[in-house]
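Reader: I should like to understand the terms used for this structure. Could the author take them one at a time?

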Amino acid sequence: MSPIELNKRQEEILQIVKENGPITGEQIAERLGLTRATLRPDLAILTMAGFLDARPRVGYFYAGKKNTGALTENMLSLKVKDFMSMPIVVSENMTVYDAICHMFLEDVGTLFVIDKNMRLAGVLSRKDLLRTSIGSQDLNTIPVHIIMTRMPNIAYCEKGDPLIATAKKLIEREVDSLPVIIEQDNGLEIIGRLTKTSITRAFISLAETHEL
Ligand code: ADP
């Protein structure tokens with residue numbers, strides 16, 4: 001891993017903490033003539049990269065180590081189960097018209113389709129529905145199983161998977177969403193939804209992990 005390059009302000013913060021730690025974010029800001037809010041991203045980077053340790057109600061300490069990969073460690077520890085959201089499922093025989101209404105009502109970009117045993121049968125994206133809508137067919141007569149992407153071509157993940165692995169899968173498969181599943185004897189049970197938004201949420205949580 002390449003070492004993180006610190007900017008001038010971050011070097012200054014490091015120096016202040018080295019000489020005066022433990023010291024609160026407020027006190028560091030005062031010494032630099034800046035507000036606490038301005039310093040927040042710098043402090044987050046310095047703690048995530050392992051230069052500083054942060055203890056609630058005490059302050060920042062110099063960790064005495066160079067970039068040890070704390071950010072990488074944190075990133076690798078994030079799991080699908082902590083960031084997945086509720087899956088929205090529809091039956092194979094729902095019409096395309098109803099599926100479009102459902103997508104709006106539920107405010108999601110992807111619907112998962114289940115078979116009569118409630119197991120994963122397919123995926124319906126916005127573009128799948130849009131493609132069908134610009135044809136001349138009657139949307140009230142076409143069931144979604146005709147137009148969905150179906151098993152076994154569906155990319156999915158499990159709740160214990162590292163989030164970074166699913167982020168990679170989203171990019172490699174060029175999709176917006178993965179069903180989170182549990183393997184059962186008669187197919188895949190859907191227990192969650194992992195989307196690009198989930199990854200964005202995780203990205204923000206990483207930045208907030210070490211804030212005081
Ligand atoms: P959009 O169509 O809104 O850009 P996606 O990029 O997610 O959304 O979908 C692109 C295509 O990939 C669609 O045909 C969709 O059915 C399919 N698809 C979506 N999610 C998956 C998945 N997890 N596994 C396999 N195919 C998928």
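Author: Helices (H or I, at least four residues) and strands (E, at least two) are DSSP runs, numbered from the N terminus. By that naming, Pro22 lies in the loop between helix H1 (8–20) and helix H2 (25–32). The model is predicted, so local features need pLDDT of at least 70 and side-chain atom pairs pLDDT 80 or more, while totals for chains, interfaces and linings use all residues. Residues are numbered from 1 along each chain as its sequence is written, and side-chain values use heavy atoms, without hydrogens and water.

Reader: What makes the peptide bond from Gly21 to Pro22 noteworthy?

Author: Most peptide bonds are trans. The bond from Gly21 to Pro22 is cis, with omega near 0 degrees. The bond from Met151 to Pro152 is also cis, with omega near 5 degrees; Pro152 is in the loop between strand S6 (149–150) and helix H7 (163–173).

Reader: What is noted about the phi of Met118?

Author: Most residues other than glycine have a negative phi. Met118 has a positive phi, near 70 degrees, and lies in the loop between strand S4 (110–114) and strand S5.

Reader: Why is Asp176 said to make a polar contact with the ligand?

Author: A polar contact is a pair of N or O atoms within 3.5 Å; within protein, one must be able to donate a hydrogen and the other to accept it, and residues adjacent in sequence count only if both atoms are side-chain atoms. A polar backbone atom of Asp176 is 2.9 Å from a ligand oxygen atom, and therefore the pair qualifies. A backbone N or O atom of Ser177 lies 3.0 Å from a ligand nitrogen atom.

Reader: Which elements give two or more residues to the shell around the ligand?

Author: They are strand S5 (120–125), helix H6 (126–133) and strand S7 (177–184). A residue is near a molecule if one of its heavy atoms lies within 4 Å of it, and 15 residues surround the ligand, Ser125 and Asp128 being among the closest.

Reader: How is the protein chain divided?

Author: Domain bounds come from an automatic or database domain assignment. The chain has domain 1 (8–65) and domain 2 (77–206), whose C-alpha centres lie 43 Å apart.
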